[in-house]
Amino acid sequence: MDPSTASNALRLDSIRDYQQPYIHQLPQEILIIILHLCLGWRTPGKDLTRLRLVCHAWKATVDSAPSLWTPINARDGLQHVRTAIAKTGESPIDLIRDSNDPNAVSLDDFLMAVDAKIAYWRSVKLDFQGRLASFGGLQTSACRSLEKLHLAWWSRDLSQTTPLCLFDGGPAPATLKELSLFQISINLGAMRLSNLSSLVLSHVPHIVTEDILLVLDNSPMLVSLRLQELGGLRFPDSSQGVPIHLGFLTTCALHPPIPVTRFLLSTMHTPSLRRADLSCELDGSIPASALFSPSIAAFAPTLRRLISPAKYVEIEFAPLERSSIVFGGLKITLKTSNVDEYQCLRDVLNSLISYPGANEAGLKAHLLLRCVDPDLENLQLFNCQPMVEELTLFGSFWSTLEPTKAIAALGTRIRNSPNSWLFPDLEVIKYDLDGGFYDLLKTSLQGRYCEVPTAEATSATTQQYPLSLKEIHFRSGKSGGSEDSEGSESELEDKEGFLKEVRRLAGNPKISWRGVLVDSVPP
């Protein structure tokens with residue numbers, strides 16, 4: 001080819017490349033990364049089909065890239081599973097099989113279809129119902145590259161009598177970093193788990209505290225731990241546990257009985273813990289205050305670090321006798337039966353605010369009443385430190401229970417009490433109920449704020465009066481809509497008269513309706 005012809009050919013190639021879309025000019029490795037980001041976890045096979053239909057170039061790229069076929073979900077059907085497993089080559093494979101899809105491939109068929117590539121399984125997430133079946137390659141030692149394992153048995157028949165053995169009854173792969181089990185018992189002792197970064201055991205039968213302690217002791221790099229509804233946990237044989245150092249643990253959720261929780265907190269040394277979620281069931285046999293009283297010496301520095309930065313504590317009462325406290329990085333949930341849930345939560349709160357490091361003097365409380373209706377006597381338990389400065393009244397379309405007594409209590413003068421009004425430091429109300437209680441709210445606000453005497457009269461009496469409200473936020477009510485829903489401004493125009501009356505009765509606080517300020521609506 002003479003120089004002029006070669007030059008023209010290069011010029012034509014240059015023009016052709018310039019006319020191509022920018023994405024076609026990317027290196028193949030970059031394009032594959034982009035296409036991989038287009039794959040969802042639910043149906044990656046359907047996403048691959050769409051990508052292959054874009055153009056011939058993308059079809060060729062998809063068909064020749066093993067890594068694009070490695071996320072395999074049984075939702076895509078058995079034919080796709082077989083096609084994908086044949087195209088993965090030696091790339092690490094991520095397997096998912098859900099239980100809530102009525103058309104999903106059976107667990108046995110799914111595991112049989114991917115059995116040929118056991119050595120390349122990187123993560124396995126199996127949710128299943130019905131009988132407890134075989135786990136195929138997971139029960140063999142050939143599964144040597146596994147990094148993540150999630151097994152969930154969604155069955156009401158929890159008749160599993162003996163724990164299952166995985167990996168031929170021998171140690172788990174050294175690569176395994178994340179383990180999650182739900183309602184299924186595995187022989188943890190035989191697996192000799194070590195170097196885990198995440199451990200979740202929820203509603204697992206036939207588990208003993210010694211097995212958990214062994215896993216924790218062998219996993220100093222553990223970052224996340226959740227032990228939930230493990231009713232069979234008991235104290236280990238030795239009453240004094242050997243300290244276990246978990247220097248990287250940042251989140252921890254413990255839901256066993258209080259004695260076991262105390263034992264674990266006294267055993268684990270967690271200098272990096274940022275979030276602790278503790279849940280306790282109370283039936284009257286053990287007082288709620290027993291969670292932190294007497295003090296747990298080994299956990300004291302961690303507890304002090306979790307609660308000391310907090311400026312306020314969140315207190316919530318919810319249906320089914322569930323209540324909770326969020327105090328900085330610490331959350332405590334109480335499930336009560338045959339006991340006074342309000343007194344139990346007050347007892348726990350008292351033990352926390354008296355703890356060394358808690359900012360008791362400047363601490364405030366945010367109280368949320370979610371589909372519950374406590375009376376004045378219940379609410380008076382929280383009419384002391386920490387003083388309530390924010391109150392949320394919440395209803396729901398699925399519940400007929402509304403906090404009407406709490407609304408009435410706000411406007412009721414309390415006799416023979418250090419505080420003559422409920423929540424005298426209250427500054428913010430978030431109202432998330434139906435309009436049927438508007439008249440009750442107005443009556444309560446009038447009784448609370450419209451009879452406050454002048455400054456001269458106040459100085460001449462020892463009677464205490466509530467602080468003025470700063471904000472009242474009317475939110476979505478039982479509809480559950482967001483504050484930014486369309487139509488908020490038109491609804492605000494309809495409610496403007498009521499909202500301005502509320503503002504007058506409450507002493508001129510800032511009023512908003514679903515995120516829109518009352519004053520923002522033109523006259």
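**Exercise 1. Find which residues of helix H5 are buried, and work out why they can be said to lie on the same side of H5.**

Solution. Begin with the helix itself: H5 spans residues 78–87, and its buried residues are His-80, Val-81, Ala-84 and Ile-85. Here buried means under 20% relative accessible area, exposed means over 50%, and partly exposed lies in between, with a 1.4 Å probe and protein chains only. Helices (H or I, at least four residues) and strands (E, at least two) are DSSP runs, numbered from the N terminus.

Next, look around the axis: these buried residues cover an arc of only 130 degrees, so they are on the same side of H5. The arc is that of the directions from the helix axis to the C-beta atoms. The face turned away from this buried side carries Gln-79 and Ala-86, which are exposed.

Then ask what lies over the buried residues: the cover includes helix H3 (44–52), strand E1 (71–73), strand E2 (93–97) and helix H6 (107–113). Contact, on which this cover rests, means heavy atoms within 4.5 Å. Finally, H5 is followed by Gly-89, which has a positive phi near 60 degrees.

A note on the model: it is predicted, so local features need pLDDT of at least 70 and side-chain atom pairs count only at pLDDT 80 or more, while totals for chains, interfaces and linings use all residues. Residues are numbered from 1 along each chain as its sequence is written, and side-chain values use heavy atoms, with hydrogens and water left out.

**Exercise 2. Describe the two faces of strand E7 and the strands with which E7 pairs.**

Solution. In a regular strand the side chains alternate between the two faces of the sheet. In E7, residues 224–228, Leu-225 and Leu-227 form the covered face, whereas Ser-224, Arg-226 and Gln-228 form the uncovered one.

Now turn to the partners, remembering that two strands pair if DSSP finds at least two bridges between them. Strand E6 (residues 198–202) pairs with E7 in the parallel sense over 5 bridges, and Ser-202 has Gln-228 of E7 as its bridge partner. Between E6 and E7 the chain passes through helix H8 (residues 209–217), in a β-α-β crossover that is right-handed. Right-handed means that, with the strands pointing away from the viewer, the path from the first strand over the helix to the second runs clockwise.

E7 also pairs with strand E9 (residues 251–254), again in the parallel sense, over 4 bridges, and in E9 it is Leu-254 that stands opposite Leu-227.

**Exercise 3. Locate the largest nonpolar core and name the residues with the most contacts inside it.**

Solution. A nonpolar core is a set of buried Ala, Val, Leu, Ile, Met, Phe, Trp, Tyr and Cys residues joined through side-chain atoms within 4.5 Å. The largest one has 142 residues, and Leu-138 and Phe-474 have the most contacts inside it. Helix H11 (residues 341–353) supplies the largest share of this core, 7 residues.

To see the surroundings of Leu-138, set aside its neighbours within four places in sequence; its contacts then include Trp-121, Val-124, Leu-126, Cys-143 and Phe-167. As a wider view, buried residues make up 47% of the 523 residues in the protein chain.

**Exercise 4. Identify the cis peptide bonds before Pro-294 and Pro-386, and the positive phi values of Cys-371 and Phe-423.**

Solution. Most residues other than glycine have a negative phi, and most peptide bonds are trans. Ser-293 and Pro-294 are joined by a cis peptide bond with omega about 5 degrees, and Pro-294 lies in the loop between strand E11 (275–282) and helix H10 (300–307). The bond from Gln-385 to Pro-386 is cis too, with omega near -10 degrees, and Pro-386 lies in the loop between helix H12 (376–379) and strand E16 (387–394).

For the phi values, take Cys-371, whose phi is near 55 degrees; this residue lies in the loop between strand E15 (364–370) and H12, and is buried with a relative accessible area of 2%. Phe-423 has a phi of about 50 degrees and lies in the loop between helix H13 (404–410) and strand E17 (428–432); at 1% relative accessibility, Phe-423 is also buried.
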